[in-house]
Amino acid sequence: MSGSESFVHEPPVDHAELLARVRFSLDQPMRVSEAALGQRAETFAELRGMTRSSCVRVTARLMPAVHGAVVRACANLLLPDEPEVYIAADPQANASALTDGSRYFIRLHSGLVQLLEPAELQSVVGHEIAHATMRHMIENPENDREATFALERRRAQEISADRVGLLAVDSPADALRAEVKVACGLDARHFTADLDAFIEQISTPPDDLDSEWEANSTHPTLALRFWAQRHFMESDLFLGLKGAHAQPCGRPARPFDEVEREIEERFHGVGSSHAFRATADHVHESLAWLGILIIAGDSDVSRIEREVLVEFVGRIWADDAYAYARRHGLPAVERRAVETLSPLRFSNQRARRRVEDSVRELCKRVDAPGRVDDMLRLIQRAITP
Ligand SMILES: [Zn+2]
């Protein structure tokens, strides 16, 4: 995997890769058990039936403007098939996506459609598509610790979905204006095109915010979301995807890695205690990063090697880690491996042995026995305090 430059700037080939590239680093793909998926499929069928019989479906014939917004959002997001979209009679400016992990549909409240111009609506449609196709699903936490983690995860998912909303519009200002409108419920008559006054208001330093309250929310505060989007818009990743090399103000694009770290930091500042991640999560995630380091070690990743990694960590993790490597290069992958491995120092020896055994097995499968020692040293370094 040499020549990381070309790697970073190649355009994404499809919707899945586009999403994998912009997914917020703290929004890790969810792994849902088969049993839970089965249950979801049932609920999904029921809710879809209810929606179909009580809401109006958006079609080109019936609602050309709204339908046009859906079509344009899909085109911008490299999504070949447009989703089922329904309008529910509800004055609250809201929207939702429902998925069972493979199928999905979107519900837009009439209040939202009344409030937004079609160009602005594209961002909401894109945001909801992201929740569905990134498989953001509601969790049923079993205890307080899990609940805190689930909330943090949901807030991280909003950051990802907002980015996709930005990519779904033709001009980023449409997405930002949509958010301001939804936040205050006022339509275009009450606004100028100048969002600076609002930006000033939300530029409050983070310590000014009530972080405990923030930590118990399913959504990040508007200030944080807006701030995160504006940072994302300065990144070479976003500008590259939009075919630009510099920011509209003329300043050069900022490296995405740097921007992402700032957003992570601010995101982690929410709440007095960070959510804990289960050891199993760490083992799994570590393997995805180490796997990439192993298969990319000879500077060439074959299809077979990628399939082996998929076998080890699942397709979502494998694709995400691979896209991350393409975006940031291998040194960044190594940093992430160390980050994910380091909490394992607090867990039992079994977790560490699982990672080490898997590394040996993976090296064997991709015929890279020479990588074993390097990887074991990396693990040792990461989990030694
Ligand atoms: Zn959302």
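Mentor: A residue is called buried when its relative accessible area is under 20%, exposed when that area is over 50%, and partly exposed in between. We shall apply these terms to a predicted model.

Trainee: Why is Glu 158 called buried?

Mentor: Glu 158 has a relative accessible area of 5%. The cut-off for buried is under 20%, so Glu 158 is buried.

Trainee: What makes His 131 buried as well?

Mentor: The relative accessible area of His 131 is 12%. This value is also under 20%, and therefore His 131 counts as buried.

Trainee: How do you know which protein atoms are donors of the zinc ion?

Mentor: A donor of this metal is an N, O or S atom within 2.8 Å of it. The protein donors lie 2.1 to 2.7 Å from the zinc ion, and they are NE2 of His 127, NE2 of His 131 and two OE atoms of Glu 158. These distances satisfy the cut-off, so the atoms are donors. Along the sequence, the donor residues follow the spacing H-x3-H-x26-E. His 131 belongs to helix H6 (residues 118-133) and Glu 158 to helix H7 (residues 144-168); this pair is 27 residues apart and links distant parts of the chain.

Trainee: Why is the zinc site called irregular?

Mentor: The angles among the four donor atoms are 52 to 134 degrees. A tetrahedral site needs all angles between 85 and 135 degrees, and a square planar one needs opposite donors over 155 degrees apart. The value of 52 degrees fails the tetrahedral condition, and 134 degrees does not reach the square planar one; therefore the site is irregular.

Trainee: Let us turn to the sheet. How do you know which strands are its edge strands?

Mentor: Four strands form an open sheet of mixed pairing, in the order E1-E2-E4-E3. Strand E1 (56-57) and strand E3 (95-99) each pair on one side only, and they are the edge strands.

Trainee: What makes E1 and E2 a pair of strands?

Mentor: Two strands pair if there are at least two bridges between them. E1 and E2 are joined by two bridges and run antiparallel, so the condition is met. Val 56 has Ile 87 in E2 as its bridge partner.

Trainee: How do you know that the pairing in this sheet is mixed?

Mentor: Strands of a sheet may pair in a parallel or an antiparallel way. Strand E2 (residues 84-88) and strand E4 (residues 104-109) are parallel, with five bridges. Two residue pairs illustrate this: Glu 84 is opposite Phe 105 in E4, and Tyr 86 is opposite Arg 107 in E4. E3 and E4, by contrast, run antiparallel and are joined by five bridges. Both senses occur, so the pairing is mixed.

Trainee: What makes E2 largely enclosed by the rest of the structure?

Mentor: Five of the five residues of E2 are buried, so the strand is largely enclosed. Side chains in a regular strand alternate between the two faces of the sheet. In E2, Glu 84, Tyr 86 and Ala 88 lie on one side, Val 85 and Ile 87 on the other, and both faces are covered.

Trainee: Which residue in the turn between E3 and E4 has a positive phi?

Mentor: E3 and E4 form a hairpin with four residues between them, and Gly 101 in this turn has a phi of about 105 degrees.

Trainee: Why is the phi of Leu 78 worth a remark?

Mentor: Most residues other than glycine have a negative phi. Leu 78 is not a glycine, yet its phi is positive, at about 55 degrees. This residue is found in the loop between helix H4 (64-76) and E2.

Trainee: Is Leu 78 buried, partly exposed or exposed, and what value decides it?

Mentor: Its relative accessible area is 37%. That is neither under 20% nor over 50%, so Leu 78 is partly exposed.

Trainee: What makes Asp 367 exposed?

Mentor: Asp 367 has a relative accessible area of 64%. The cut-off for exposed is over 50%, so Asp 367 is exposed. The residue lies in the loop between helix H18 (349-365) and helix H19 (372-383), and its phi is positive, near 55 degrees.

Trainee: Why is Ala 321 called buried?

Mentor: Its relative accessibility is 2%, under the cut-off of 20%, so Ala 321 counts as buried. Ala 321 is found in helix H16 (residues 315-328) and touches Ala 288, Trp 289 and Ile 292, leaving aside residues up to four places away in sequence.

Definitions and conventions. Residues numbered from 1 in each chain as written. Predicted model: local features only at pLDDT ≥ 70, side-chain atom pairs only at ≥ 80, totals over all residues. Heavy atoms only, no water. Donors = N, O, S within 2.8 Å, 3.2 Å for Na, K, Ca; no water. Tetrahedral: all angles 85-135°; square planar, octahedral: opposite > 155°, others 65-115°. Buried < 20%, exposed > 50% of the residue type's maximum accessible area, 1.4 Å probe, protein only. Contact = heavy atoms within 4.5 Å.
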